Amino acid sequence: MTKRDAKAAAVVEEALGWVGTPYRHQGCRRGVACDCLGLVRGVWRHINGHELEQPGPYAPDWAEATGKERLLEGLRRHFREKPVAEAGAGDVIIFRWRPHLPAKHAAILVAADRFVHAYQDHGVTLTRMVPQWRQRLAAAFAFPD
């Protein structure tokens, strides 16, 4: 197993450990509460042993209100962007709800057809990559080596 494969396996294991965590906007604690960004931040913290940058306060409608790609810009500072078609287990995937709006939902692929994400009113769940999700994919990122 390569170092990259081992890291991806550790990311998947940690992400699956968050399943069942309640949803809370701006939360980032496994088993306590998190939102989609908090899930990514928490897995990063576990894998890398330190915090990812603090995003600062953000409203639930930040993307619609600002029109800026803040999520993508932040991920590009810390992760390695890759083509969506090459995304694999252990990668962070980003969704765009509408074509004209900034991307605003993050998840972690755990298999080619499943991902873990924090979803309002559902908490952290394991979800199938059905066509309705796949058509909203906007970007993919690998954890850095």
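The following exercises, each with a worked solution, concern a predicted model.

Residues are numbered from 1 along each chain as its sequence is written, and side-chain values use heavy atoms, with hydrogens and water left out. Local features need pLDDT of at least 70 and side-chain atom pairs count only at pLDDT 80 or more, whereas totals for chains, interfaces and linings use all residues.

**Exercise 1. The sheet**

Determine the strand order of the open sheet and identify the strands at its edges.

Solution.

Step 1. Helices (H or I, at least four residues) and strands (E, at least two) are taken as DSSP runs, numbered from the N terminus. Two strands pair if DSSP finds at least two bridges between them.

Step 2. Six strands form the open sheet in the order E3-E8-E4-E5-E6-E7, and the pairing is antiparallel.

Step 3. Strand E3 (80–82) and strand E7 (123–128) each have a single partner strand, so one side of each lacks a neighbour in the sheet. These two strands therefore stand at the edges.

Step 4. From one strand to the next, the twist averages 35 degrees. Angles run from 0 to 180 degrees between N-to-C directions, and axes are lines fitted to C-alpha atoms, for helices over the stretch in contact.

Step 5. Helix H1 lies across E3, E5, strand E6 (114–119) and E7, and runs at about 115 degrees to E5. Contact here means heavy atoms within 4.5 Å.

**Exercise 2. Strand E4 and its partners**

Describe the pairing of strand E4 and state which way its side chains point.

Solution.

Step 1. Strand E4 (residues 92–95) pairs with strand E5 (residues 105–111) in the antiparallel sense over four bridges. In this pairing Val92 stands opposite Ile108 in E5.

Step 2. E4 also pairs with strand E8 (residues 137–142), again antiparallel and over four bridges. Here Ile94 stands opposite Ala139 in E8.

Step 3. In a regular strand the side chains alternate between the two faces of the sheet. Val92 and Ile94 point one way from E4, while Ile93 and Phe95 point the other way.

Step 4. All four of these residues are buried, a class defined by under 20% relative accessible area, with exposed meaning over 50% and partly exposed in between (1.4 Å probe, protein chains only).

**Exercise 3. Salt bridges**

Locate three of the salt bridges in the chain and classify the accessibility of their partners.

Solution.

Step 1. A salt bridge is a side-chain nitrogen of Lys or Arg within 4 Å of a carboxyl oxygen of Asp or Glu. The search of the whole structure finds nine.

Step 2. Glu51 and Arg41 meet in a salt bridge at 3.9 Å, N to O. Glu51 is in the loop between helix H2 (36–48) and helix H3 (62–66), and Arg41 is in helix H2, 10 residues apart. Glu51 is partly exposed at 32% relative accessible area, whereas Arg41 is buried at 6%.

Step 3. Arg77 forms a salt bridge with Glu53, with the closest N and O atoms 2.8 Å apart. Arg77 lies in helix H4 (residues 70–78) and Glu53 in the loop between H2 and H3, so the pair ties together parts 24 residues apart in sequence. Arg77 is exposed, with a relative accessible area of 52%, and Glu53 is partly exposed, with 33%.

Step 4. Asp113 and Arg128 meet in a salt bridge at 3.6 Å, N to O. Asp113 lies in the loop between E5 and E6 and Arg128 in strand E7, so this pair ties together parts 15 residues apart in sequence. Asp113 is partly exposed at 32%, and Arg128 is partly exposed at 44%.

Step 5. Arg41, Arg45 and Glu51 are joined into one network by salt bridges that share partners.

**Exercise 4. The setting of Arg134**

Establish where Arg134 is placed and which residues it touches.

Solution.

Step 1. Arg134 belongs to helix H5 (residues 131–134) and counts as partly exposed, at 45% relative accessibility.

Step 2. Not counting residues up to four places away in sequence, Arg134 touches Ala112 and Met129.

Step 3. Arg134 and Pro22 are 112 residues apart along the chain, and their C-alpha atoms are separated by 24 Å.
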